[in-house]
2 protein chains.
Amino acid sequence: MAMKVTPWEVSGHIDYDKLIQSFGTKHISSELLKKFEKEAGELHFMLRRRIFFSHRDADWLFERYDKGEKFVLYTGRGPSGDTHIGHIVPWIFAKWLQDTFDCEMYFQLTDDEKFLHDDNLTADQTHKYAYENALDVIALGFKPGKTFLFSNFDYSKTLYRIAANVAKLTTFSTAKAVFGFENSTNIGMVFFPAMQAAPCFLPSVLKNKNVPVLIPAAIDQDPYWRITRDVADKLGYYKPAAIHSRFLPGLQGPESKMSASVPDSAIFTTDDPKAARKKIMKSFSGGAGTLEAHRKHGGNPNVDTAYQYLYNVFEESDGKIKDIHDAYKSGAMTTGEIKEMLAKKVETFLKKHQENREKARKHLDKFLLKD
Amino acid sequence: MAMKVTPWEVSGHIDYDKLIQSFGTKHISSELLKKFEKEAGELHFMLRRRIFFSHRDADWLFERYDKGEKFVLYTGRGPSGDTHIGHIVPWIFAKWLQDTFDCEMYFQLTDDEKFLHDDNLTADQTHKYAYENALDVIALGFKPGKTFLFSNFDYSKTLYRIAANVAKLTTFSTAKAVFGFENSTNIGMVFFPAMQAAPCFLPSVLKNKNVPVLIPAAIDQDPYWRITRDVADKLGYYKPAAIHSRFLPGLQGPESKMSASVPDSAIFTTDDPKAARKKIMKSFSGGAGTLEAHRKHGGNPNVDTAYQYLYNVFEESDGKIKDIHDAYKSGAMTTGEIKEMLAKKVETFLKKHQENREKARKHLDKFLLKD
């Protein structure tokens with residue numbers, strides 16, 4: 001299946017090298033990783049494993065940092081439904097960045113975009129999801145007082161004025177070329193890239209000085225930063241830096257999608273832990289068909305969902321993940337065992353996350369920017 | 001010069017019948033005028049003289065009115081500079097409508113549009129003009145408590161959400177066809193029609209029930225209402241009704257434009273009354289070249305600026321304007337006399353208006369909607 005990667009659709013077999021080439025971003029080099037390690041004192045497993053694999057201007061960001069200019073983080077979520085594990089990959093990394101570099105974090109909830117894009121969603125629905133999804137962000141442990149979440153609808157007085165500055169410098173032609181817009185695209189979607197660009201300049205507007213911004217996000221969001229970077233100079237702001245993650249596969253295999261309309265396709269943060277366990281047990285396996293064949297030929301961790309979830313999210317130890325990889329590949333570890341291992345970790349995660357989520361509900365207001 | 005009428009450019013000789021045909025609006029018929037007179041008790045001179053000459057659904061509006069449904073008014077101003085006499089023609093009429101039908105009036109100041117459209121204007125400038133122009137509206141005597149003015153930048157939390165509903169139903173294709181947008185148009189301008197449509201539904205949103213809206217405005221604004229009317233049904237709102245005025249010519253003659261960058265082209269509400277008098281004295285005249293020739297051949301009121309300003313704005317009495325017309329046409333009244341007549345009226349108007357304008361400055365907040 002041909003690869004398609006846009007902010008609204010990711011499908012097919014993803015060739016990450018090709019994405020770097022076509023998007024015009026850069027590989028995260030060993031040199032950059034060394035720099036990262038020097039500044040951070042350690043490397044997050046998502047960097048060690050190149051789950052974050054591409055960037056724009058991260059080297060420039062460290063240059064500013066070395067000169068004493070602190071950077072802030074910006075990422076976001078399109079609130080079209082419940083949060084799943086795929087969504088939180090960049091957020092886990094962003095939390096580490098916040099803890100490590102003591103950064104402020106700006107988090108955009110694009111309830112406008114999801115309403116404009118999806119014929120089946122009302123503005124009330126996306127607006128409600130925005131604040132439900134916000135709980136998942138806060139539940140991960142972002143710092144109050146340093147973490148600012150906003151629904152586009154509820155912060156549009158501030159955002160629209162910044163977005164107008166971006167929009168004035170962005171022609172329909174450019175937006176068409178970058179996002180594949182067509183004549184049948186609605187004019188809200190045509191304008192929306194300016195709304196997603198706005199938070200790149202928001203910290204500078206709020207602090208009334210130029211502030212470096214780093215965006216940790218999945219690589220499908222990169223087209224927005226291309227537009228933003230094009231206009232930054234003209235507006236007198238720094239170009240935002242970005243660091244891009246790979247996609248977590250759906251539970252139904254390497255090229256499967258996670259979708260709110262297919263409950264078994266993903267683990268949602270609001271899933272009952274027992275239900276999540278069941279989903280994992282049914283998930284696509286890289287094991288051989290029978291136990292006998294598995295013992296003889298081994299499993300394929302590259303396509304095994306349970307292994308991929310451990311590798312990308314739930315097993316931080318490089319030593320342990322290598323042991324699991326080797327045991328599964330050799331056939332010493334069975335599909336059942338690797339699924340059990342993931343299920344335990346996911347159950348533990350969900351229980352704690354859901355507790356934190358309900359606590360967050362009480363403190364939500366402390367984290368919100370509203371007009 | 002070929003006629004061009006868009007929300008951003010009016011030029012050439014205006015053929016109003018042709019405009020009605022190409023825009024798909026309706027002439028104000030004698031029957032409709034009778035209806036108007038019956039409801040209002042009298043007819044404003046701008047109706048009697050067909051300065052307001054075209055409409056959409058005004059007959060429908062009176063049907064609702066007869067059934068006890070009050071309508072509200074909506075008009076606006078693109079704050080790209082100081083207000084001139086041309087701008088206030090529809091406002092004078094709107095004030096009469098408010099007084100006569102006891103309507104609420106919603107007044108949009110499109111500081112976003114003027115910023116997005118004009119390379120030479122900053123957002124700070126258009127935002128400042130918005131509130132300066134607002135003073136001119138209030139100075140005309142609109143009722144406090146029934147008159148609501150808003151800058152798009154300052155009311156965008158409310159407007160953007162309504163606009164998103166309009167935008168979702170409006171394709172780039174449609175906007176392109178209606179407004180002549182091109183690939184080089186910036187994405188802010190592409191979205192803007194949704195922002196200008198939003199106040200058509202604002203009263204219904206604020207009152208949480210369907211409210212009929214009448215828009216008194218110059219006919220160049222009609223494309224916006226076409227877009228709005230297309231989506232109204234789908235959103236469950238009444239289509240806005242509209243009543244359209246002709247354009248007041250610039251001081252330099254029938255096809256001349258009023259422009260803030262050419263001070264002698266227009267009388268601005270902030271002009272010193274003596275300076276306004278000088279402009280009138282220099283204005284394009286329909287008189288014959290010499291007094292002798294004028295006495296013999298008479299003047300042409302159709303192209304005479306002073307006469308046009310009296311007819312369209314400053315002389316409400318049909319009897320008096322007929323006398324002026326006839327005397328000027330016959331040559332009995334000279335160019336100097338007709339200019340003097342206008343100058344006196346304009347001086348009186350400006351003195352009072354400027355006093356009211358400064359009073360309005362103190363009470364501005366009472367008239368504003370802000371998020």
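Mentor: Let's start with vocabulary: helices here are DSSP runs of H or I with at least four residues, strands are runs of E with at least two, and both are numbered from the N terminus. This is a predicted model, where local features need pLDDT of at least 70, side-chain atom pairs count only at pLDDT 80 or more, and totals for chains, interfaces and linings use all residues. Residues are numbered from 1 along each chain as its sequence is written, while chains are lettered from A and ligands numbered from 1 in the order in which they are written.

Trainee: OK, try me on one residue. In which helix is A:Y65 found?

Mentor: A:Y65 sits in helix α4 (residues 58-66) of chain A.

Trainee: Why does A:Y65 count as partly exposed?

Mentor: Count C-beta atoms, placed from the backbone: 20 or more others within 10 Å means buried, 12 or fewer means exposed, and in between is partly exposed. A:Y65 has 16 C-beta neighbours inside 10 Å, so it lands in that partly exposed class. Contacts are another C-beta test, with a cut-off of 7 Å. Leaving out residues up to four places away in sequence, A:Y65 touches A:E39 and A:F71. For a long-range pair, take A:Y65 and A:P212: 147 residues apart in sequence, yet 8.8 Å apart in space, C-alpha to C-alpha.

Trainee: On to the sheet. What is the strand order?

Mentor: In general, strands of a sheet pair through backbone hydrogen bonds, either parallel or antiparallel. Pairing here takes at least two DSSP bridges between two strands. Chain A has an open sheet of 7 strands, ordered β3-β4-β9-β8-β5-β6-β7, with mixed pairing. Its edge strands, each pairing on one side only, are β3 (26-27) and β7 (147-151) of chain A.

Trainee: Which sense do β8 and β9 of chain A pair in?

Mentor: Parallel, over 5 bridges, for β8 (residues 213-218) and β9 (residues 241-245) of chain A. There, A:A217 stands opposite A:H244. By contrast, β4(A) and β9(A) run antiparallel, joined by 4 bridges, and A:H55 has A:I243 as its bridge partner in β9(A). Also antiparallel are β3(A) and β4(A), joined by 2 bridges. Strand β4 (residues 52-56) of chain A has 5 of its 5 residues buried, so it is largely enclosed by the rest of the structure.

Trainee: Now the two chains. What rotation superposes chain A on chain B?

Mentor: Superposition is by least squares on C-alpha atoms of residues with pLDDT of at least 70 in both copies. Chain A goes onto chain B by a rotation of 180° with 0.0 Å of shift along the axis (RMSD 0.0 Å). That is the relation of a two-fold axis. The same surface serves both copies, as 100% of the contact residues of chain A recur in chain B. Of chain A's residues, A:K157 comes closest to the axis, with its C-alpha at 2.3 Å.

Trainee: How many residues does the contact take from each chain?

Mentor: It takes 29 residues from chain A and 29 residues from chain B. On chain A's side, α6 (111-117), α8 (156-168), α9 (172-179) and α10 each give two or more residues. Helix α8(A) gives the most, with 8 residues.

Terms used
Two residues are in contact if their C-beta atoms, placed from the backbone, lie within 7 Å.
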